[in-house]
Structure formats: C-alpha cells, structure tokens
Amino acid sequence: MTDPPADTHWDAIVIGTGMGGGTIGRALAEAGQKVLFVEQGPRGARRAENGLSDIFVPEARRARGLWPEPLHVRLNGQDSTFYAPLGAGVGGSSVFYAATLERPERHDLDDLEDHPTGGWPVGFDAFQPWFARAARQFRLYGTADPLSPADPLPLREPPELTATETALMQGFERAGLHPYHAHTAIERIPGCRMCLGTKCPESCKMDGRSAGVDPALATGNATLLDRAQVLHLEADGGRITGVVCRLPTGTVTLRGDRIILAAGALGSPRILLASTSEAWPDGLANRSGLVGRNLMFHLNEMFALWPPRGTPDDGASKAISLRDLYHRDGSRFGTVQSMGIRASYGEIVHYLNRMLAQSPVAGVPGVQPFTRLPAAIAKRLLGQAQIFVGLLEDFPYPENRLLYDPAQPDRLAVNYACQPELLARRRAFRQAIRHAFRGHRRIFLSLQPELNYGHPCGTLRFGTDPARSVLRPDCRAHDVENLWVVDASFMPSSMGVNPSLTIAANALRVGDLITKGTP
C-alpha cells in the first residue's frame, strides 16, 4: 500500500514494525481493531535473505531493509560515524537478529538487591504471564536455566546438540558452570536454514514480521503503509490529532484514535523531539525534559573459545547460554552466550573496521584496506574457535542521550560517556570470565569497551513520577492521552539479557490494556 485514503480513520496507528510494533499490531488486529502499520522502510521481498552488510549507499541500504543513514556518535568526547546494526523495513531490526529471546531475572525488574533505578514500576510477577505468552507466540525452544528459581518458560524441545556443542557443554559443566540450551525463536520448518543474523527467506525465524505483521495482515483488520517516514506528530494540547508522513508521492496526514510509537529507542524519541508546538516547545510528551535521555546499550565482551582438541567441526553454535556470572558478588554483569558466528574473514574485517572508526586515524584516507591483512592472520589463528559474548548491563544516565538538530532532522546522533562505575564493572566482568573459563583455550577479542549498538534502550522510560519518566506504567505518555510507546525505549534499565523478549512481552501487556480499556 502506498496511498491510504485521506479520510480513513484508524483505531490504532502503529509507527514501526519491529518486535514491539509488530507484536502489538497483531494483538490489536486479532482483537478486531482497525490497525495501520506505518513503516519507514520498504515492504521488501519475502524471499530476501541479506544481512547487516557494510553497504554505504543510502538507497541501496534502504532497499535491503537497512537503516539508510549513518549513526553519528560522540563517545567519551570523541566523534565517529558508522552504520549501526539497525533495520528499516518490515520487521525492523528483528529480521536481522540471531533469534535469541531470553527472559530477564527477577532482580532486573524488582528492587531486591540495590537496583540502579529503584526497580521497574511493573515488576517481574506482573510481567511473568506476558513472558510466557511471548514465548509461545515466538515459538521459543530451549531448556530451562538450572540457576533460575522462577517457573520455567513454556519452551519447545530443542534440536539435538552437535558434537561441538556437546563437547563445549560438557567442558563447562566440568568447570562447575551451568550451561543450558539458549532460548531461540525459530519454528524449524523443513528446510530451515537457521538464518541467524540475516533475513529469513521463509517464515521459520520468528521476528516482528513473521510473528507480528504477517499474522496481523492475515486477519484482514490490519494494513501496511511502507516507505512512509513519520516527520512529526500534530497535537491539540494533550491529544495527538495527526501523524504527518512523507511518502514517495508526497506528504500525508494520518488520523487515528490511538498512536503507538514503536520506531526504536533512537527513532521514537526523535519523532517526539521533532513534534514541537506552542504547547510543546521542547517536543511532544517532554515536560520532564527526559525524552531522548537515559540512553543505554549493553557492553559486549567478545571472546573466542576453542572446543577440546579432536572435536569435530560442526560450524558455529548459537545453542549455549549460561548465567553463572549474571549477578555475582553484588555486581550486575549479565548473561554469556554463543553468538552463532564463526571467526570468518568477513566478520573480522567488519569488527576491525568498527574499531578503526573509533580510532584517531578514522579520517585518514585509504586506511580501511589495511585491516584485511590482520583479519586474514586472525582467521588463520582462530580456526575452529567459537565466538562467545558476555552482555554487560548498562545503567541509565541523563547525559547519555539522543541528539536532535531541527536543522538536520534526518541526522541520527547520540552522545555517550562510559561512566567510571561501568568501566570498573567491565574490568570485574572480564576477570570473572577469565576465572569461569579457566582450563579452556580462549582469547578476548575486545580491547576497548565495545557498545552493542544493536541494543539501544531507555530513551522514553516508564515510571510513576511524571517528573522522572516520560511514560506511565501502562506505557501511555504522562501528558498525552492517546500516545503509547512499546519499543525498547520504555525500559528504565537495560537488564543483563537481550531485550527482545521483554519488548514483545510488554507489547502484549500494553495491547491487552488497550483492548480492555484499562485506564
């Protein structure tokens, strides 16, 4: 669809089609509401299977469902520009993800052990049924975490471990660790290719498209408007009256009873900051001054780990996760999991170029090709090594924020500083990883702190106090009666796991509140 009727009035306009937007749009459509999905990127071919490749032409990136513009980052006072691992098409970034959907721990949400924000306004017990429902909708398989005291998720039986995975699991257990089969959102239909990190040309990888938008459209109650960039929202006091979009054919204003932002933790606050008026001089829903602030990423601690000598080479593993280091000795670390990638030449070149973009020689012409030689050497040295990552929890700080410039509204920029406590926890986390995997051949692949730019969150936090949050506990804006937000920006803390399952669970929770008319 490219040109909706100008006089159509929707029950709900959902801006963004990723984990949050796709999930809530499906829930509302299945409840009989008339839903319009608004997506900046193209619909895309169902058979497309490209990944987050380094393509530098905006039009080519847009055609592949990649965010077309580079991200401008001021990190610890140093500027760099690169393409972040973000999607801009139906399914958003989720169509590229590696399908790991892990539930957070109770201490991530509840104020039990000196929570950095004092706890979430909606606790673990209230989220629990929605975690379970999301696990069913996204067809999660895996095994229960042996260290978790919570009731296990409704998981499907995982596939049999490969020889490589078995050898690694057994080695971890001998070291006193507690690995389990990671919780993975793949239907595993006949011919499944396990598209981890790339688009799935079938319908087996459960993402915002496969488990959200497509089923919503199948109800007949939902419509998709692609290649539609939301410029700003029009409001009359405390109510949104229009969604102004740029289409290939011109500008259109869409109208609906409920406006649901799900454009991502960078995209959603940017839309609100662009929506200024006499009543909202600093941006819509921004009386607190917190729109775009408290930006968080996880820190990646990537390391290569070799299986025992003589183990058959069965390729990259995504099956292993463990939480022995999640919350240790009073320190908030995070989960450790296999990444599902091998130390291939292309992956190493990409990683070295990312490091180069943040170095003092980033602007020197012709320097990038020189990453190829060390990448080739590294590939030869790493060989059969599996790549693991420790996701280190990030804490919210108001000065870490999205930057919006009205003179350059399409420019995506952030300011971020690594706080001393984060650097101290990183050192402790690395030491804990060294100790936990003693006896295994391993090597860290990250030297400097490595932000996970695929996990932005926290820029529109929810809470009970309008002076300290943007959204109410039901994820409706404090001061705008028909605006909800269901992407990762609602999160007041980043937790120690991938945010995807929590985003989906929250979208289901909010969708239920909307359909029941709960105030």
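What follows is a chat about a predicted model of a protein.

Trainee: How many helices and strands does the protein have?

Mentor: Eleven helices and 22 strands. The chain is predicted, not experimental, so read everything below as describing a model.

Trainee: Fine. What share of the residues is buried?

Mentor: Of the 519 residues, 57% are buried.

Trainee: And the surface, what does that come to?

Mentor: The accessible surface is about 20100 Å², and carbon and sulfur atoms hold 51% of that.

Trainee: What about contacts, how much comes from residues 24 or more positions apart?

Mentor: Taking contacts with a separation of 6 or more, 71% are between residues 24 or more positions apart.

Trainee: Let's pick a strand. Is β12 mostly covered or mostly open?

Mentor: Mostly covered. β12 spans residues 296-305, and ten of its ten residues are buried.

Trainee: Which way does β12 run against β17, and over how many bridges?

Mentor: Antiparallel, with seven bridges to β17, residues 386-392. One of the residue pairs there is Ala-304 of β12 with Ile-387 of β17.

Trainee: Does Ala-304 turn up elsewhere? Which residue is its bridge partner in β20?

Mentor: Ile-443. β20 covers residues 442-444 and is joined to β12 by three bridges, again in the antiparallel sense.

Trainee: And β21, how many bridges there?

Mentor: Four, also antiparallel, with β21 being residues 450-457. Within that pairing, Leu-299 is opposite Leu-451.

Trainee: Switching topic. In what order do the strands of the open sheet with β3 and β19 come?

Mentor: β4-β3-β19-β18, four strands with mixed pairing. β4 (78-82) and β18 (401-403) are the edge strands, each pairing on one side only.

Trainee: What is the average twist in that sheet?

Mentor: From one strand to the next it averages 25 degrees.

Trainee: Take the middle of the sheet, then. Are β3 and β19 parallel or antiparallel?

Mentor: Parallel. Five bridges link β3, residues 71-75, with β19, residues 412-416. Leu-75 sits opposite Tyr-416 of β19.

Trainee: Which helix packs on that sheet, and what does it touch?

Mentor: Helix α7, residues 264-274, which touches β3, β18 and β19.

Trainee: At what angle to β18?

Mentor: The direction of α7 makes about 55 degrees with that of β18.

Technical notes. Residues are numbered from 1 along each chain as its sequence is written. This is a predicted model: local features need pLDDT of at least 70, side-chain atom pairs count only at pLDDT 80 or more; totals for chains, interfaces and linings use all residues. Side-chain values use heavy atoms; hydrogens and water are left out. Buried means under 20% relative accessible area, exposed over 50%, partly exposed in between (1.4 Å probe, protein chains only). Helices (H or I, at least four residues) and strands (E, at least two) are DSSP runs, numbered from the N terminus. Two strands pair if DSSP finds at least two bridges between them. Axes are lines fitted to C-alpha atoms, for helices over the stretch in contact, and angles run from 0 to 180 degrees between N-to-C directions. Contact means heavy atoms within 4.5 Å. Accessible areas come from the Shrake-Rupley method with a 1.4 Å probe; for residues, only the protein chains shown count as cover.
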